[in-house]
Amino acid sequence: MKPLQELVRPNIWSLAPYSSARNEYAGREAHVFLDANENPYNTPHNRYPDPLQQEVKTALSKVKGVPAENIFLGNGSDEAIDLPYRCFCRPGVDNVVAIEPTYGMYKVCADINDVEYRPVLLDENYQITADRLLAACDDKTKLIWLCSPNNPTGNCLVRDEIISVINAFGGIVIVDEAYSDFSSQPTLRSELAKYPNLIVLNTMSKAWGCAAIRLGMAFASTDIIGLFNKVKYPYNVNLLTQRQALEALADPFQVDKWVRMLNLERSRMIDAFRLLPICEKVYPTEANFFLAKMTDAQTIYDRLVEQGIIVRNRTRIKLCRDCLRITVGTRSENNELIAALRQLQL
């Protein structure tokens with residue numbers, strides 16, 4: 001890895017961050033708050049939330065096995081995806097490399113930040129080699145994006161290839177593990193001490209059933225977390241989100257139960273899809289969804305929409321021609337989908 005200062009945009013490295021009212025007295029007890037121009041009535045919603053979400057990070061640290069100082073919390077994973085561009089990539093100068101197909105927000109954020117996005121096509125098994133990814137890089141490549149389990153394909157990337165990329169690349173490698181709770185593969189967030197150029201993303205939206213509260217997380221070195229905290233907006237995670245996150249984190253066993261149920265339903269759904277005449281193939285998955293190649297994805301999708309059943313049509317994505325991405329729902333929802341597909345006459 002190059003020295004961090006060489007990777008960070010010069011204006012960000014020298015940035016004097018906004019100092020919020022709640023930052024200035026951090027670490028000391030206080031009970032009279034006349035510093036932030038807040039309305040003194042309507043407790044507790046009248047007060048600005050903790051800008052660094054320390055209580056949530058402490059609870060999250062126990063669940064995820066990562067020190068609190070190595071955790072960044074954002075307004076959904078989208079904020080944690082956008083921040084590396086803002087911290088490391090000079091608009092119109094630098095570039096990033098990513099796998100394709102993968103989660104679309106990596107490219108959207110690249111376009112918003114005026115950063116060249118270099119996709120590297122996966123092979124027929126939806127895998128990539130370190131050599132192919134690194135071959136797409138040059139001296140202006142600041143980030144490499146990997147998603148494992150990948151979206152929309154559902155499969156985990158080969159761990160040894162990910163490690164080879166991290167070891168060989170001089171910039172920052174970001175591994176999005178949004179669906180890792182559904183996977184049998186070990187997570188990379190426990191490897192942060194070995195790899196100072198690694199950022200691992202996660203979310204409360206999937207296994208934790210908290211998509212509505214918009215809480216994403218990044219695990220990284222304290223230096224990178226410090227950069228994110230310097231650039232983020234002062235109160236990026238609101239009080240209601242922090243409170244709901246604490247409530248969810250207090251019962252991780254419920255999440256384990258949901259994951260077991262969904263993984264069992266996933267297996268049942270895949271077996272049912274393989275018996276459908278209109279399904280040609282179901283790809284391996286370790287997420288709470290699976291990708292199925294159909295005889296005519298667009299027509300099937302349209303027929304399902306007419307019945308009020310919504311899946312994701314991925315037929316326009318590279319390597320996903322005539323593919324539908326199916327999220328695993330409740331048993332009754334899954335049964336309704338299977339029943340509708342069995343009745344289709346194409």
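Which residue forms a salt bridge with Glu265, and how far apart are the closest N and O atoms? In this predicted model, the partner is Arg331, with the closest N and O atoms 2.8 Å apart. Arg331 belongs to helix 13 (residues 331-343) and Glu265 to helix 11, so the salt bridge ties together parts of the chain that are 66 residues apart in sequence. Arg331 is partly exposed, with a relative accessibility of 49%. Glu265, in contrast, has a relative accessible area of 8% and is therefore buried, the limit being under 20%.

Glu265 also takes part in a salt bridge with Arg268, at an N to O distance of 2.9 Å. Here both residues lie in helix 11, which spans residues 252-274, and they are three residues apart, or about one turn of the helix. Arg268 is partly exposed, at 27% relative accessibility. Glu265 is thus bridged to Arg268 and to Arg331.

In total, the structure holds 14 salt bridges. Another of them joins Arg159 and Glu191, whose closest N and O atoms are 3.8 Å apart. This pair links distant parts of the chain, since Arg159 is in helix 8 (residues 159-168) while Glu191 sits in the loop between strand 5 (172-176) and strand 6 (198-203), 32 residues away. Arg159 has a relative accessible area of 25% and is partly exposed, whereas Glu191, at 16%, counts as buried. Elsewhere, salt bridges connect Arg90, Asp94 and Lys142 in a network.

The nonpolar interior was examined next. In soluble globular proteins, nonpolar side chains tend to be buried together. The largest nonpolar core of the model comprises 52 residues, and those touching the most other members are Leu73, Leu133, Leu146, Leu198, Met204 and Leu215. Helix 8 gives the most to this core, contributing four residues. Helix 8 is also the element that holds Arg159 of the bridge to Glu191.

For Leu215, contacts beyond the neighbours within four places in sequence were listed. They comprise Val56, Leu73, Gly74, Gly76, Thr203, Met204, Val237, Thr241 and Ala245. Two of these contacts, Leu73 and Met204, are themselves named with Leu215 among the core residues that touch the most other members. A second core, separate from the one containing Leu215, has 33 residues, including Leu4, Phe88, Tyr117 and Ala220.

How values were computed: Residues numbered from 1 in each chain as written. Predicted model: local features only at pLDDT ≥ 70, side-chain atom pairs only at ≥ 80, totals over all residues. Heavy atoms only, no water. Salt bridge = Lys/Arg side-chain N within 4 Å of Asp/Glu carboxyl O. Helix = DSSP H or I, 4+ residues; strand = E, 2+ residues; numbered from the N terminus. Buried < 20%, exposed > 50% of the residue type's maximum accessible area, 1.4 Å probe, protein only. Core = buried A, V, L, I, M, F, W, Y, C linked by side-chain atoms within 4.5 Å. Contact = heavy atoms within 4.5 Å.
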